[in-house]
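Student: I have a fold on screen and want to learn how to read it. Where do we start?

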Amino acid sequence: MLKRKDDWPERLRAFFFAAAERRFSWGSFNCCTFACDGVEAMTGDNPAERFVGKVKDKRSAFVALKKFAGGSVLETAEKIAAEMGVEEIPVLMAGRGDVVYLETDEGGALGLVDLSGVHAVFLSPDDDLSRRPISECARAWRIE
């Protein structure tokens, strides 16, 4: 079970500032690693640790997800959440630092609710970091 550290808001704020300086990379900084690195900043545990070093490009990212959970970002998030005891919650109950899932034209994406608690932050190959209203998200998981 993931548990936030006492100073998680400061850790999440620092994570967002550092992430804003980075650019998308299939191998090291994609939508899944972005969300999982944010969870690690808050809890000390990285849900995507098993994928580190295994993804080099778009193709290998899809191969890794297919081998792990069937192929989609959503299936992967569901499986990792179940393994780690992370509770799925109604999207409109998602709060600061919770993980959210958004369907986009390019496929599914994982993000994190920002510190305002109103928007979610996502990383995409085209836009780098972007914010979307939580109400546009399809799924959410509570990080305790």
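Tutor: Start with a definition. Two strands pair if DSSP finds at least two bridges between them. Keep in mind that this is a predicted model.

Student: What order do the six strands take in the sheet, and is the pairing parallel or antiparallel?
Tutor: First the general idea. Strands of a sheet pair through backbone hydrogen bonds, either parallel or antiparallel. Here the order is E1-E6-E2-E3-E4-E5, in an open sheet with antiparallel pairing. The edges are E1 (88-89) and E5, each of which pairs on one side only.

Student: How many bridges join E2 to E3?
Tutor: Six, with E2 covering residues 99-104 and the two strands running antiparallel. One contact to look up is Val99, whose bridge partner in E3 is Leu112.

Student: What comes after E3 (residues 107-113) on the way to E4?
Tutor: A hairpin turn, with five residues between E3 and E4. Look at Gly117 in that turn: its phi is positive, about 80 degrees. E3 and E4 pair antiparallel over three bridges. Gly111 has Phe122 of E4 as its bridge partner.

Student: How many bridges hold E4 and E5 in register?
Tutor: Six bridges pair E4 with E5 (residues 128-133), again in the antiparallel sense. Val121 stands opposite Arg131 of E5.

Student: Is E4 mostly covered or open?
Tutor: A general point helps with strands. In a regular strand the side chains alternate between the two faces of the sheet. In this model E4 (residues 119-124) is mostly covered, with five of its six residues buried.

Student: Which helices should I place against the sheet?
Tutor: Take H1 (residues 8-20), which lies across E3, E4 and E5. H1 runs at about 135 degrees to E3. Then take H2 (residues 31-43), which packs on the sheet and touches E2, E3, E4 and E5. The direction of H2 makes about 20 degrees with that of E3.

Student: How do I check the length of a helix such as H3?
Tutor: Compare the expected span with the end-to-end distance. H3 (residues 58-69) has 12 residues, so at 1.5 Å a residue it should span 16 Å. Its end C-alpha atoms are 17 Å apart, which agrees.

Student: Which residues of H3 are buried?
Tutor: Ser60, Ala61, Ala64, Leu65, Phe68 and Ala69. They cover an arc of only 135 degrees around the axis, so they sit on the same side of H3. The other side of H3 has Arg59, Lys66 and Lys67 exposed. Among what covers the buried residues of H3 is helix H4 (73-84). Just after H3 comes Gly70, with a positive phi of about 110 degrees.

Student: What does the span check give for H4?
Tutor: H4 has 12 residues, so 16 Å is expected, and its end C-alpha atoms are 16 Å apart, which agrees. The buried residues in H4 are Val73, Leu74, Thr76, Ala77, Ile80 and Ala81. Their arc is only 160 degrees around the axis, which puts them on the same side of H4.

Student: What do the buried residues of H4 pack against?
Tutor: H2, H3, E2, E3 and E6 (139-141). After H4 comes Gly85, with a positive phi near 70 degrees.

Student: How is a pair of aromatic rings described?
Tutor: By the distance of the centres and the angle of the planes. Rings pair if their centres lie within 6.5 Å. By that rule there are seven aromatic pairs here. Take Phe15 and Phe34: the centres are 5.4 Å apart and the planes are at 35 degrees, so the pair is tilted. This pair links distant parts of the chain, with Phe15 in H1 and Phe34 in H2, 19 residues apart.

Student: Are Phe15 and Phe34 buried or exposed?
Tutor: Buried means under 20% relative accessible area. Phe15 is at 12%, so it counts as buried. Phe34 is at 0%, so it counts as buried.

Student: What kind of pair do Phe51 and Phe68 make?
Tutor: Their centres are 5.4 Å apart and their planes are at 85 degrees, so the pair is edge-to-face. Phe51 lies in the loop between H2 and H3, and Phe68 in H3, 17 residues apart. Phe51 is buried at 15% relative accessibility. Phe68 is buried at 13%.

Student: Which residues do ring pairs link into a cluster?
Tutor: Phe15, Phe16, Phe29 and Phe34.

Note on methods
Residues are numbered from 1 along each chain as its sequence is written. Side-chain values use heavy atoms; hydrogens and water are left out. Buried means under 20% relative accessible area, exposed over 50%, partly exposed in between (1.4 Å probe, protein chains only). Helices (H or I, at least four residues) and strands (E, at least two) are DSSP runs, numbered from the N terminus. The expected span of a helix is 1.5 Å times one less than its number of residues. The arc is that of the directions from the helix axis to the C-beta atoms. Contact means heavy atoms within 4.5 Å. Axes are lines fitted to C-alpha atoms, for helices over the stretch in contact, and angles run from 0 to 180 degrees between N-to-C directions. Rings of Phe, Tyr and Trp (its six-membered ring) pair if their centres lie within 6.5 Å; planes under 30 degrees apart count as stacked, over 60 as edge-to-face and the rest as tilted.
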